[in-house]
Amino acid sequence: MTPAGPRSSRAMDREEQGRRRKLKEIEELGFRPWPNRFATTHAVASVLSQFDGASAEALESMPETDRTVRVGGRVTALRSFGRAAFLQLLDGGTAIQVHIRKDILPRPQFLATRRLDLGDWIGIEGSLFRTRTDELTIKATSFTFLAKAFLPLPEKWHGLSDRDTRYRKRYLDLLSNPATREVFRRRAAIVTSMRRSLDDAGFLEVETPMLQPLATGAAARPFSTHHRALGIELFLRVAPELYLKRLVVGGFPRVYEINRNFRNEGLSTRHNPEFTMLECYRAFSDCGDMMELTEAILRAAAATVLGGEAADFDGARIAFHEPFVRRSLIEITGEALASRGILLEPAALRRRAPLVEAHRALDLVPPPAATAGKLLLGLFEALVERTLIQPTFVTGYPVEVSPLSKADPDDPALTERFELFAGGLEIANGFSELNDPDEQAARFGEQMARRQAGDEHAMDWDYIEALRHGLPPTGGVGVGIDRVAMLFTGSKAIRDVILFPHLRPRESR
RNA sequence: GGGCCGUUAGCUCAACCAGGCAGAGCAACUGACUCUUAAUCAGUAGGUUGAAGGUUCGAUUCCUUCACGGCUCACCA
């Protein structure tokens, strides 16, 4: 009779059948089992904000109508006595206590409250008062049944703690763990703050294709799919970058997009196959301007979410309100090598042989056929990245690992590019955008020549054509929203800041 | 892919080291109770101990393999 799930057990069947029986009994008392609407006067949170300051006496002296509210919510606790009960109503993450009395509620309504289970949705009208323990409470004058929960809530004291279940059944995590609700409120506040910063600075929010004929803008393995009507293969984007720059060509000098990118690579505590990135582009700006913009956006988000306090992350206090440190990639990597007894002149940090030698000395395997720039970046990632706890801009990336960045006019082997690190995580990546179409075509060509798997790096001739129409000097930056959310919520795992992270599908749970 | 840890009632966990009737709290069910808040009190029910195999008189416990998960390392612009 019940849709028994694959996980159903005898105990669960009994539980669910008991709840179905009680729904029937509530129906027999004259209630509609699944009503369509309940008109509330307040959210529970607004009841609290409006009345939490009122003392017992103040409430008492108010006219009844001034302290009468109608609220809806989920029953999360139920303490029942003979002719009275207290229950806790959770609405939008905020709870309020409701007092039920047999001598106040109409008889069928009182009887229906005796048939409630934890998890049920109900509506209450009543007047506010304070209990002997001074808790703001609604004395119910009217009870409405709104919806039945056939399945029980997670354990009330420990909440839901199994990580796997928390990710797979996030709704249970959210309704039983206030800390989880706070993480996702903060995440939303971060995004809202970033939007406000950019909107206020005259940026236009746009949406560019997630289904792309070529997966461009980053060197990552894409997901592929098929368009039936067009009969073509499409890729889920790995970055929106080249489309956003087309918009600058088209005359939108300030654009940004906040949305998902997809990379078909390994999962880790720092990587989810789909992740959210803010990318923004500003005409007439360079790498240095974008560092300032990035710092300002993050500072504003930190002020909103953390109130100007440092972020607690992995045992560190990360000060987004202080000026961000700036270091050159070559210098900081050279220092890290020196501290391990590997002394290399700055010039040697640009040549393959000494860098390969450094890898060997550190028991690292140098990637085959890697360029000097790639080797240097490998050493940086192995030795330095995790140590950058306070917000740090690293600048001066080799041209071979930065195919979309403009070269530094004073040092053509390097580009005007930065990456921002904090808490040991890469947070942002920005640069002066390469706008010379011939140079860009040549860089793409080098990339393709260097990769065996040519399909990963097709030449985007359409983008080159856009550049041939003229891209003004432009600065761009991408900010990893998930990583920022990790830092601002103290979450060590990216899965903790993604509502429905990707997990291996499960047959029987 | 490697290492470590884990999988026992609906949930959170004991029992395992040193093999001997599988337990507690919460949730559920019955009853009492008109200011409780992890309500309380009395009672009831609830188990293929992740799966398969092995050792043993006897396995939740020891061994092997597998599945799933966590942490971590590696891989991964």
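Which residue lies over the face of Phe 150?

1. Arg 20 does, at 3.9 Å from the ring centre. Bear in mind that the model is predicted.

2. A second charge-over-ring contact involves Lys 139 and Phe 129. The charged end of Lys 139 sits over the Phe 129 ring. Its distance from the ring centre is 4.6 Å.

3. Next, the aromatic pairs. The count comes to nine. One of them joins Phe 81 and Phe 86, whose ring centres are 6.4 Å apart. The planes of Phe 81 and Phe 86 stand at 90°, and edge-to-face begins over 60 degrees, so this pair is edge-to-face. The 6.4 Å separation falls within the 6.5 Å cut-off for a pair.

4. On exposure, Phe 81 has a relative accessible area of 48%. Buried requires under 20% and exposed over 50%, so Phe 81 is classed as partly exposed.

5. Five phenylalanines form one aromatic cluster: Phe 320, Phe 324, Phe 393, Phe 418 and Phe 488.

6. Now the sheet. Three strands make an open sheet in the order 7-9-8, and the pairing is antiparallel. Strand 7 (211–212) and strand 8 (224–227) are at the edges. Each has a single partner strand, so one side of each is left without a neighbour in the sheet.

7. How many bridges join strand 8 to strand 9? There are four, and the two strands run antiparallel. Strand 9 covers residues 232–236. At residue level, His 227 has Ile 232 of strand 9 as its bridge partner.

Terms used
Residues numbered from 1 in each chain as written. Chains lettered and ligands numbered in written order. Predicted model: local features only at pLDDT ≥ 70, side-chain atom pairs only at ≥ 80, totals over all residues. Heavy atoms only, no water. Pairing = 2+ DSSP bridges. Phe/Tyr/Trp six-rings, centres within 6.5 Å; stacked < 30°, edge-to-face > 60°. Buried < 20%, exposed > 50% of the residue type's maximum accessible area, 1.4 Å probe, protein only. Lys NZ or Arg CZ within 6 Å of the ring centre and 35° of its normal.
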